[in-house]
Amino acid sequence: MTQPISHALALDRSRDARARERFVSGLRGYVLNDLAGAMREDFDSSVAAGVENEANAGPMDGAGVHRAIRKRAIFKAYSSARCTAQQMVWDVVMDSVERQRERLNAAGKELMNGASAGGTLELDPSLGIPRYVEAVDVHLMPGCYYREHGGEDLAAGAIYDQGLNVFAFGAMGKELNDIGWSMANFYKLRFNNPAPGRILDAGCTIGHNTLPWKQVFPDAEVHGIDVAAPCLRYAHARAEAMGIEAHFHQQSAESIRFPDRSMDVVFSSMFLHELPRKAIRNYLAEAHRVLKPGGVLLNMELPPNDRMAAYEQFYLDWDSYYNNEPFYKDFRDQNPKQLTTEAGFSADAYFEGVMPRYTYTAEEDFIAMAQAGPKFGEDTGRLSDIIFWYGFGSVKQG
Ligand SMILES: C[S@@+](CC[C@H](N)C(=O)[O-])C[C@H]1O[C@@H](n2cnc3c(N)ncnc32)[C@H](O)[C@@H]1O
């Protein structure tokens with residue numbers, strides 16, 4: 001179910017805590033596989049067949065599926081169980097973090113002071129938390145990414161790390177870093193000539209998907225930026241614990257403090273769907289500014305709605321309605337190509353890809369699928385037994 005986290009900040013959980021985590025992971029697996037499957041069957045045999053479809057006057061989109069399906073008992077059971085399981089993810093993990101807060105903060109401090117891997121941390125207490133981060137506990141995570149509990153606190157980072165582990169029920173790689181491995185290797189296949197010298201990860205949280213870039217490109221200088229200090233402290237301490245050099249900075253992606261034309265790659269993962277439209281545009285314009293000519297923008301994200309069938313639109317947008325993800329659907333309703341061209345990238349340089357999880361796929365299969373061009377299906381971006389990640393981006397012209 002969960003994968004053991006093996007670095008030195010891993011929580012030392014009691015047997016009871018581990019049993020509770022296994023239960024919650026199992027519950028999520030049941031909801032997302034079994035109940036979701038039953039809901040789909042119910043939809044196909046009732047709503048989609050027109051039996052109870054008020055919207056059958058015209059083609060149905062995701063919002064139409066949502067309107068029609070929300071009256072069904074199976075949808076209510078699925079949604080209720082999924083909301084409860086989401087809250088339980090944080091509850092079980094916070095209990096362990098509370099018990100070990102002092103040990104965790106002390107271990108973090110020691111790792112940060114030692115900095116044996118050569119990484120750095122640059123915090124800016126004057127940086128304001130954007131309203132869109134501050135106003136909601138995103139995906140129901142109490143305290144969100146940024147809330148501090150005094151001193152040099154790392155708790156939000158620890159909650160996110162083990163919380164994601166329980167949430168992902170073993171589907172996101174050993175150190176929850178499969179997205180980073182998949183994207184860095186996708187980049188390597190498509191653009192690695194010459195190998196990148198400087199890489200920036202925007203909205204890096206605790207660096208799950210920042211560090212694989214250093215592992216794939218050991219000679220590169222790798223930077224992560226985020227607005228949330230406790231996550232950045234944890235990111236730095238975690239990187240040092242794992243012996244991987246990376247540099248973390250408290251900066252907003254809307255106003256990046258790196259010089260023009262200083263980066264070979266600007267990467268983000270699962271970041272844009274948590275931003276309102278204006279912030280997405282500001283970030284992409286900043287990405288364009290800091291990239292060198294020939295530099296690559298690569299965003300791993302949820303797939304756009306206009307590339308998915310109506311049911312998959314509904315299924316992924318569920319989070320927007322019920323999981324404190326206010327910008328999720330709005331992001332998916334936008335056109336990624338248009339977003340990059342508005343930011344100054346050439347339309348001709350736009351690319352997108354759908355790829356299998358790198359750490360679970362044979363190298364030759366990964367290469368074949370990543371090079372085949374985007375194929376959108378019901379497993380694209382959806383946490384299930386088989387996941388295909390989606391990424392889009394562009395190359396900055398001279
Ligand atoms: C879903 S998490 C990203 C996950 C992370 N990229 C990963 O792959 O594990 C969103 C992150 O974006 C950060 N964030 C939100 N607005 C930001 C901004 N304007 N600049 C930088 N980071 C921001 C949040 O603090 C949070 O850590």
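Two residues are taken to be in contact if their C-beta atoms, placed from the backbone, lie within 7 Å. The exercises below apply to a predicted model.

**Exercise 1. Describe how helix 1 and helix 3 pack, and say which residues bring them together.**

Step 1. Two packed helices are described by the angle between their axes and the distance between the axes. For helix 1 (residues 15-47) and helix 3 (residues 73-114) the angle is about 160°, and the axes are 9 Å apart.

Step 2. Angles over 145 degrees count as roughly antiparallel, and helix 1 and helix 3 are therefore roughly antiparallel to each other. Their crossing is left-handed.

Step 3. The residues that helix 1 brings to the contact include Ala 17, Val 24, Leu 27, Val 31, Leu 35 and Met 39, while those of helix 3 include Ile 74, Phe 75, Tyr 78, Ala 81, Met 88 and Val 92. Charged residues take part as well, among them Arg 20, Glu 21, Arg 28 and Asp 42 in helix 1 and Arg 82 and Asp 95 in helix 3. By class, the contact of helix 1 with helix 3 has 17 nonpolar, one polar and six charged residues.

**Exercise 2. Work out how helix 3 is oriented against helix 8, and name the residues that make the contact.**

Step 1. Helix 3 and helix 8 pack with their axes 8 Å apart, at an angle of about 70°. Since 65 to 115 degrees counts as roughly perpendicular, that makes helix 3 roughly perpendicular to helix 8. The crossing of helix 3 and helix 8 is left-handed.

Step 2. From helix 3 the contact uses Gly 108, Leu 111, Met 112 and Gly 114, and from helix 8 it uses Arg 233, Tyr 234, His 236, Ala 237, Glu 240 and Ala 241. Sorted by class, the contact of helix 3 with helix 8 has five nonpolar, three polar and two charged residues.

**Exercise 3. Trace the sheet strand by strand, and place the helices that pack on it.**

Step 1. Strands of a sheet pair through backbone hydrogen bonds, either parallel or antiparallel. Here eight strands form an open sheet in the order 1-4-3-2-5-6-8-7, and the pairing is mixed. Strand 1 (120-122) and strand 7 are the edge strands, each pairing on one side only, and neighbouring strands are turned by 20° against each other on average, direction ignored.

Step 2. Strand 5 (residues 263-269) and strand 6 pair in the parallel sense over six bridges, with Val 296 in strand 6 as the bridge partner of Val 265. Helix 6 (residues 178-191) packs on the sheet, touching strand 5, strand 6, strand 7 and strand 8, and its direction makes about 140° with that of strand 6. Helix 8 (residues 229-241) also packs on the sheet, touching strand 1, strand 3 (221-226) and strand 4 (247-250), and its direction makes about 170° with that of strand 4.

Step 3. Strand 1 runs parallel to strand 4, joined by three bridges, and strand 3 runs parallel to strand 4, joined by four bridges. His 249 in strand 4 is the bridge partner of Glu 122, and Ile 225 stands opposite His 249.

**Exercise 4. Is strand 8 enclosed or open, and how does it pair with strand 6 and strand 7?**

Step 1. Eight of the eight residues of strand 8 (residues 388-395) are buried, so this strand is largely enclosed by the rest of the structure.

Step 2. In a regular strand the side chains alternate between the two faces of the sheet. Phe 388, Tyr 390, Phe 392 and Ser 394 point one way from strand 8, and Trp 389, Gly 391, Gly 393 and Val 395 point the other way.

Step 3. Strand 8 pairs antiparallel with strand 6 (residues 291-301) over six bridges, where Leu 297 has Ser 394 as its partner. Six bridges also join strand 8 to strand 7 (residues 351-356) in the antiparallel sense, and there Gly 353 is partnered by Gly 391.

Conventions
Residues are numbered from 1 along each chain as its sequence is written. This is a predicted model: local features need pLDDT of at least 70, side-chain atom pairs count only at pLDDT 80 or more; totals for chains, interfaces and linings use all residues. Axes are lines fitted to C-alpha atoms, for helices over the stretch in contact, and angles run from 0 to 180 degrees between N-to-C directions. Helices (H or I, at least four residues) and strands (E, at least two) are DSSP runs, numbered from the N terminus. Angles under 35 degrees count as roughly parallel, over 145 as roughly antiparallel, 65 to 115 as roughly perpendicular and the rest as oblique. A crossing is left-handed if the near helix is turned anticlockwise from the far one by less than a right angle, and right-handed if clockwise. A residue is buried if 20 or more other C-beta atoms lie within 10 Å of its own, exposed if 12 or fewer, and partly exposed in between; C-beta atoms are placed from the backbone. Two strands pair if DSSP finds at least two bridges between them.
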